[in-house]
Amino acid sequence: MDTELVGISSNVTFSQKAFADFLKLNFPLLSDAPNMKTMQDYGVFNAERKLAQRSYFIIDKQGLIRYMKVLKQGEPLVSNDELLAEVGKINKR
């Protein structure tokens with residue numbers, strides 16, 4: 001679908017690599033440690049817990065956020081079908 005998937009968290013790089021290897025992920029996991037700047041910039045950083053709220057962003061080729069979903073604690077994950085439908089909408093533009 002002419003997209004690139006990237007995960008990002010507050011975990012350090014070696015932890016991200018171990019997690020990605022364990023799950024056999026085929027996309028990069030990036031670390032926002034130690035300053036959590038990206039999470040702060042996107043408004044999803046929880047300073048009390050020192051981590052990001054689980055969030056989804058779809059950003060178009062011009063760098064504009066076209067979809068954003070920030071989950072509340074305990075809220076179920078967004079389905080792959082929903083995310084793919086959102087990417088399809090963007091690609092039709």
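Methionine 68 counts as partly exposed in this predicted model, because its relative accessibility is 49%, and the partly exposed class runs from 20% to 50%. The residue belongs to strand E6, which covers residues 65–70.

Which residues join Met68 in a nonpolar surface patch? They are Tyr42, Ile59 and Ile65, and the patch they make with Met68 has an area of about 360 Å².

I turn now to the strands behind two of these residues. Isoleucine 59 has isoleucine 65, in E6, as its bridge partner. Strand E5 comprises residues 55–59, and its pairing with E6 is antiparallel, with five bridges. The two strands form a hairpin, and five residues lie between them. Within that turn, glycine 63 has a positive phi of about 85 degrees.

Let me place this hairpin in the chain as a whole. The protein chain contains six strands and three helices. Along the sequence, their order is β-α-β-α-β-β-β-β-α. Measured out along the principal axes, the box filled by the C-alpha atoms is roughly 40 × 30 × 30 Å.

Finally, some totals on burial, surface and contacts. The protein chain has 93 residues, of which 22% are buried. About 7,300 Å² of the protein chain is exposed, and 54% of that area comes from carbon and sulfur atoms. As for contacts between residues at least 6 apart in sequence, 25% of them join residues at least 24 apart.

To return to the opening residue: methionine 68 is partly exposed, and its side of the story is the nonpolar patch made with Tyr42, Ile59 and Ile65.

Key:
Residues numbered from 1 in each chain as written. Predicted model: local features only at pLDDT ≥ 70, side-chain atom pairs only at ≥ 80, totals over all residues. Heavy atoms only, no water. Patch = residues over 30% accessible without salt bridge, like charges linked within 9 Å, V, L, I, M, F, W, Y side chains within 5 Å. Areas by Shrake-Rupley, 256 points an atom, 1.4 Å probe, with all protein chains shown as cover. Salt bridge = Lys/Arg side-chain N within 4 Å of Asp/Glu carboxyl O. Helix = DSSP H or I, 4+ residues; strand = E, 2+ residues; numbered from the N terminus. Buried < 20%, exposed > 50% of the residue type's maximum accessible area, 1.4 Å probe, protein only. Pairing = 2+ DSSP bridges. Contact = heavy atoms within 4.5 Å.
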